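Biologist: Please take me through one part of this model in close detail. I would like to know what surrounds it and how the rest of the chain is arranged about it.

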Amino acid sequence: MDITGIDAIRYGTTDLDDSRRYLSDVGLKEVEHGAAGCRFVTMDGGEVEVRSVTDAGLPPTTISGATIREVVWGVVSPATLDRIGAELEKDRKVTRDPDGTLHSHDATGFGIGFRVTRVKPLSRDAEPPVNLPGAEPLRIDRRIEFPDYVCVRHIGHAVFYVPDYRAARDFYLNRLGFRLSDAFIGAGAFMRCQRNPQHHSIFMLQGDPQRAPRMAAHHVAFEVGDFHEVIVGGNALMKKGWKSEFGPGRHIIGSNYFWYFRTPCGSASEYYADIDYLTEAWKPREWDFTPEVVYGWMLSAAEPKEAARGSSAAFTAAKLS
Ligand SMILES: [Fe+2]
């Protein structure tokens with residue numbers, strides 16, 4: 001299926017004001033706000049919408065409290081929407097909005113939607129001004145900037161705990177034409193949309209009742225320009241009082257720089273940059289699911305006061321390899 005990536009994330013939250021504040025602080029641009037909730041966009045037109053958990057306009061869920069209620073996938077054309085609708089109607093209910101957007105649910109029961117994509121590729125003018133030896137310099141006669149915010153460029157992926165990751169995986173691979181990028185043996189699957197080169201668009205992780213929820217939203221990944229922007233964005237969130245969950249660091253699987261934060265929206269959010277781009281030549285690898293493969297290196301985030309000083313003492317090395 002010609003699915004291009006995540007077009008929109010729809011959250012249900014127990015605290016609309018806090019969620020609105022978080023989504024603004026994380027670097028999204030608000031385009032709509034009212035009593036029912038608010039809607040934000042990324043630089044490339046991806047949307048993040050948040051409403052109350054009790055809003056009847058959100059897809060139903062068995063998860064209590066704040067969580068992702070729907071991932072809306074972008075597709076290349078109305079013809080693709082028709083194909084997806086016909087495929088899903090074989091064994092589940094599909095509804096259609098007047099604008100053609102489809103709504104249904106995946107194998108786990110998470111809400112999924114599909115629409116002709118509204119995401120527009122960013123121009124090269126938006127590239128971070130990085131200078132590399134031997135490459136065309138992108139920053140000449142000017143210093144780097146240290147803003148107190150970043151702008152989210154793109155919604156990259158969503159991650160869920162599921163009670164049966166094999167069933168969750170097979171739905172996306174066999175029904176929606178996703179590609180398997182990498183896998184944790186017996187524990188999870190990283191998958192990408194057929195028309196999206198980024199390492200993963202969705203990651204389904206086996207829920208373990210002893211250590212983790214069996215079914216929950218884990219995080220949504222917001223792409224920023226480069227490592228500098230991951231750090232600038234994370235420091236800005238900490239200064240505003242938001243709690244670092246994990247990072248900053250660099251993943252082994254996907255290679256992306258990361259920094260995760262707790263949010264009032266019902267899943268963590270991840271700043272990420274410089275993820276692997278894959279083609280049909282890529283061979284998925286099966287990985288043992290151990291802590292050692294989660295990241296190649298990671299720093300421990302400092303308290304906001306230290307981060308505000310901008311000192312190298314703001315971070316302590318937790319693991320370097
Ligand atoms: Fe992620």
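Modeller: What follows is a close look at strand 9, its partners and a few places further off. Keep in mind that the model is predicted.

First, the setting. The protein chain holds five helices and 19 strands. Its C-alpha atoms fill a box of roughly 55 × 50 × 45 Å along the principal axes. For 321 residues, a compact globule would have a radius of gyration near 20 Å; the chain has 19 Å, so the two agree. Of the 321 residues, 44% are buried. Contacts also reach across the sequence. Among those between residues at least 6 apart, 65% join residues at least 24 apart.

Now the strand itself. Strand 9 covers residues 154–162. Nine of its nine residues are buried, so the rest of the structure largely encloses strand 9. A residue counts as buried when 20 or more other C-beta atoms lie within 10 Å of its own.

Which strands does strand 9 pair with? Strand 13 and strand 12 are both partners, strand 13 in the antiparallel sense and strand 12 in the parallel sense. The pairing with strand 13 (residues 216–223) runs over seven bridges. Two of the residue pairs can be named. Valine 159 has histidine 219 as its bridge partner in strand 13. Histidine 154 is bridged to glutamate 223, also in strand 13. The pairing with strand 12 (residues 202–206) runs over five bridges. There, valine 162 has glutamine 206 as its bridge partner.

In a regular strand, side chains alternate between the two faces of the sheet.

Go one strand further. Strand 13 is mostly covered too, with seven of its eight residues buried. Strand 13 also pairs with strand 16, in the parallel sense, over five bridges. Glutamate 223 stands opposite tyrosine 272 in strand 16. Glutamate 223 is therefore a useful marker to follow on screen: it is the bridge partner of histidine 154 and it faces tyrosine 272.

Next, the core. The largest nonpolar core has 75 residues. Ile9, Ala158, Phe160 and Met204 have the most contacts inside this core. Take phenylalanine 160 and leave aside its neighbours within four places in sequence. Phenylalanine 160 is then in contact with Phe110, Met204, Leu205, Ala216, Ala217 and His218.

A helix packs here as well. Helix 3 spans residues 165–175, and its buried residues include Tyr165, Ala168, Arg169 and Tyr172. These four cover an arc of only 95 degrees around the axis, which means they sit on the same side of helix 3. An α-helix has 3.6 residues a turn, so residues three or four places apart point the same way. The buried residues of helix 3 pack against strand 9, strand 12 and strand 11 (188–192). After helix 3 comes glycine 177, with a positive phi near 75 degrees.

Another buried spot is in strand 1 (residues 3–13), which contains glycine 5. Glycine 5 has 23 other C-beta atoms within 10 Å, so it counts as buried. Its C-alpha atom is separated by 5.5 Å from that of glycine 74, although the two are 69 residues apart along the chain. Leaving out residues up to four places away, glycine 5 touches Gly74, Val119, Cys193, Asn196 and Ser201.

Last, some backbone details. Most residues other than glycine have a negative phi, and most peptide bonds are trans. Three places depart from that pattern. The peptide bond from glycine 247 to proline 248 is cis, with omega near 5 degrees. Proline 248 lies in strand 14 (residues 244–251). Serine 255 has a positive phi of about 65 degrees. Serine 255 is in the loop between strand 14 and strand 15 (257–261). With 14 C-beta neighbours inside 10 Å, serine 255 is partly exposed. Aspartate 274 also has a positive phi, near 60 degrees. Aspartate 274 is in the loop between strand 16 (268–273) and strand 17 (286–287). It has 17 other C-beta atoms within 10 Å, so aspartate 274 is partly exposed.

Key
Residues numbered from 1 in each chain as written. Predicted model: local features only at pLDDT ≥ 70, side-chain atom pairs only at ≥ 80, totals over all residues. Buried ≥ 20, exposed ≤ 12 C-beta atoms within 10 Å, placed from the backbone. Helix = DSSP H or I, 4+ residues; strand = E, 2+ residues; numbered from the N terminus. Pairing = 2+ DSSP bridges. Core = buried A, V, L, I, M, F, W, Y, C linked by C-beta atoms within 7 Å. Contact = placed C-beta atoms within 7 Å. Rg over C-alpha atoms; globule rule 2.2 N^0.38 Å. Arc of directions from axis to C-beta.
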